[in-house]
Amino acid sequence: MLTLLTTYPALAIACAAVFGLLVGSFLNVVILRLPARLEWQWLRDAREVLADAERSPAPPDSADGREDEEAVRASLHLASPEPGVALPAPTDEGGSQPPGIVVEGSHCLKCGHRLAAWENIPLVSFLLLGGRCRGCKARISWQYPAVEALTGLLFALVVWRYGISWQGGTMLVATGFFVAMSGIDARTTLLPDVLTLPLLWFALLISLVPVFVMPSDAILGAAVGYLSLWSVYWGFKLLTGKEGMGFGDFKLLAAIGAFCGWKAILPVVLMSSVIGAMVGLALILIQGRDRATPIPFGPYLAAAGWVQMMYGGDLLGAYLRWMGG
């Protein structure tokens, strides 16, 4: 099979597109369910800590500790229970633990209708159903076909660019992570550690082959990527007293730096900043968004990182030729 795909590049690209559609369908599940599960786990852990604090006798000089506990309760929107009363078990809006990522089947978020196998075919099912749930006729979000189509297109472009190779396989993995993180950040302004850190470690380990850069460049790229946005974050906070971005952005740029090396950090930051500024301006003009409304930076970092991994060498060469000319 590998020989066949190598011999016929068009077949390899078509297979990559179909595979990307399937992966995109799974990424939709990750985008929707992972944040809910993480928030459920965070609330559960916080309630366990607060329950332990309730059961432990407070020392005489614990006024500050009590104030800290009340602040945590307020941040979690929890009412302070009477002394000795156990905190309730964490639940989501439905009164139970959110569905898992892999085991639980897909269902309509409105009526709970369990999707049949033919309703789970990427893109095709959306068209056959007319964009509506078969059970309650509620509209299906355009996110589902958009993520599937985008992932299929990106996978096809990766195989068209790199073929069946270490670079191609690495890019497919990175692309899946980039799409999932972009979707989650766009919906929730979160970049979960369970995605950013595995991508960072994967980038560092794959440099041992090496695929894109040598291990020394990967390590330096990760450090420069993280510290560059970390410095911007603290500089902005010291000047304005506000947080300009989240820590997940640091880790995502560190992963991109580990893939591409430290020389790629400046082009990636510039590309992501330009794209983010253009999209932000468009949202203000078209949708009338407030300038103070937070705009997730992760999708723009992911897009710039993907472009850099795909065409970074060509872009740098064109830039140097332009400067020399």
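Me: What share of the 325 residues of the chain counts as buried, and what makes a residue buried here?
Reply: In this predicted model, 38% of the 325 residues of the chain count as buried, a label given to residues with a relative accessible area under 20%. As for the surface, the chain exposes about 18,700 Å², and carbon and sulfur atoms supply 67% of that area.

Me: How many helices and strands are there in the chain?
Reply: The chain has 11 helices and zero strands, and its pattern along the sequence reads α-α-α-α-α-α-α-α-α-α-α. Among contacts between residues at least 6 apart in sequence, 69% join residues at least 24 apart.

Me: Which residues have the most contacts inside the largest nonpolar core, and which helix supplies its largest share?
Reply: This core has 54 residues, and those with the most contacts inside it are Phe178, Leu252, Leu253 and Phe259. At least two core residues come from each of H2, H5, H6, H7, H8, H9, H10 and H11, while the largest share, nine residues, comes from H9. Phe178, leaving aside residues up to four places away in sequence, touches Leu199, Leu252, Ile256, Ala302, Gly305, Trp306 and Met309.

Me: Why is the pair of Tyr226 and Phe250 called edge-to-face?
Reply: A search of the whole structure finds nine aromatic pairs, and one of them joins Tyr226 and Phe250 at 5.5 Å centre to centre, with 85° between the planes. Two rings pair if their centres lie within 6.5 Å, and planes over 60 degrees apart count as edge-to-face, so 5.5 Å and 85° satisfy both conditions. The pair links distant parts of the chain, with Tyr226 in helix H8 (residues 215-240) and Phe250 in helix H9 (residues 247-260), 24 residues apart.

Me: How do you know whether Tyr226 and Phe250 are buried, partly exposed or exposed?
Reply: Tyr226 has a relative accessible area of 25%, which lies between the limits of 20% and 50%, and is therefore partly exposed. Phe250, with a relative accessible area of 0%, falls under the 20% limit and is therefore buried.

Me: What makes Tyr233 and Phe250 an edge-to-face pair, and which parts does the pair tie together?
Reply: Their centres are 5.6 Å apart, with 70° between the planes, so the pair meets the 6.5 Å limit and passes the 60 degrees required for edge-to-face. Because Tyr233 lies in helix H8 and Phe250 in helix H9, the pair ties together parts that are 17 residues apart in sequence. Tyr233 is buried, its relative accessible area being 3%, and one aromatic cluster is formed by Tyr226, Tyr233, Trp234, Phe247 and Phe250.

Me: How do you know that the span of H8 is close to the expected one?
Reply: H8 has 26 residues and reaches 38 Å from its first C-alpha to its last, which is close to the 38 Å expected at 1.5 Å a residue. The buried residues of H8 are Ala218, Gly221, Ala222, Gly225, Leu229 and Tyr233. An α-helix has 3.6 residues a turn, so residues three or four places apart point the same way. After H8 comes Gly241, whose phi is positive, near 80°.

Me: What makes Arg161 count as lying over the face of Tyr162?
Reply: Arg161 lies at 4.9 Å from the ring centre of Tyr162, and this value is within the 6 Å limit that applies to CZ of Arg. The label also requires a position within 35 degrees of the ring normal, and Arg161 is accordingly listed over the face of Tyr162.

Me: Which backbone values stand out at Lys137, Thr189 and Pro210?
Reply: Most residues other than glycine have a negative phi, and most peptide bonds are trans. Lys137, in the loop between helix H4 (124-128) and H5, has a positive phi near 65°, and Thr189, in the loop between H6 and H7, has a positive phi near 60°. Val209 and Pro210 are joined by a cis peptide bond, with omega about -15°, and Pro210 is placed in the loop between H7 and H8.

Me: Why is Leu128 called exposed?
Reply: Leu128, which lies in helix H4, has 59% relative accessibility, and because exposed means over 50%, Leu128 counts as exposed. Leu128 and Trp118 are 10 residues apart in sequence, and their C-alpha atoms are 9.5 Å apart in space.

Conventions
Residues are numbered from 1 along each chain as its sequence is written. This is a predicted model: local features need pLDDT of at least 70, side-chain atom pairs count only at pLDDT 80 or more; totals for chains, interfaces and linings use all residues. Side-chain values use heavy atoms; hydrogens and water are left out. Rings of Phe, Tyr and Trp (its six-membered ring) pair if their centres lie within 6.5 Å; planes under 30 degrees apart count as stacked, over 60 as edge-to-face and the rest as tilted. Helices (H or I, at least four residues) and strands (E, at least two) are DSSP runs, numbered from the N terminus. Buried means under 20% relative accessible area, exposed over 50%, partly exposed in between (1.4 Å probe, protein chains only). The expected span of a helix is 1.5 Å times one less than its number of residues. Contact means heavy atoms within 4.5 Å. Accessible areas come from the Shrake-Rupley method with a 1.4 Å probe; for residues, only the protein chains shown count as cover. A nonpolar core is a set of buried Ala, Val, Leu, Ile, Met, Phe, Trp, Tyr and Cys residues joined through side-chain atoms within 4.5 Å.
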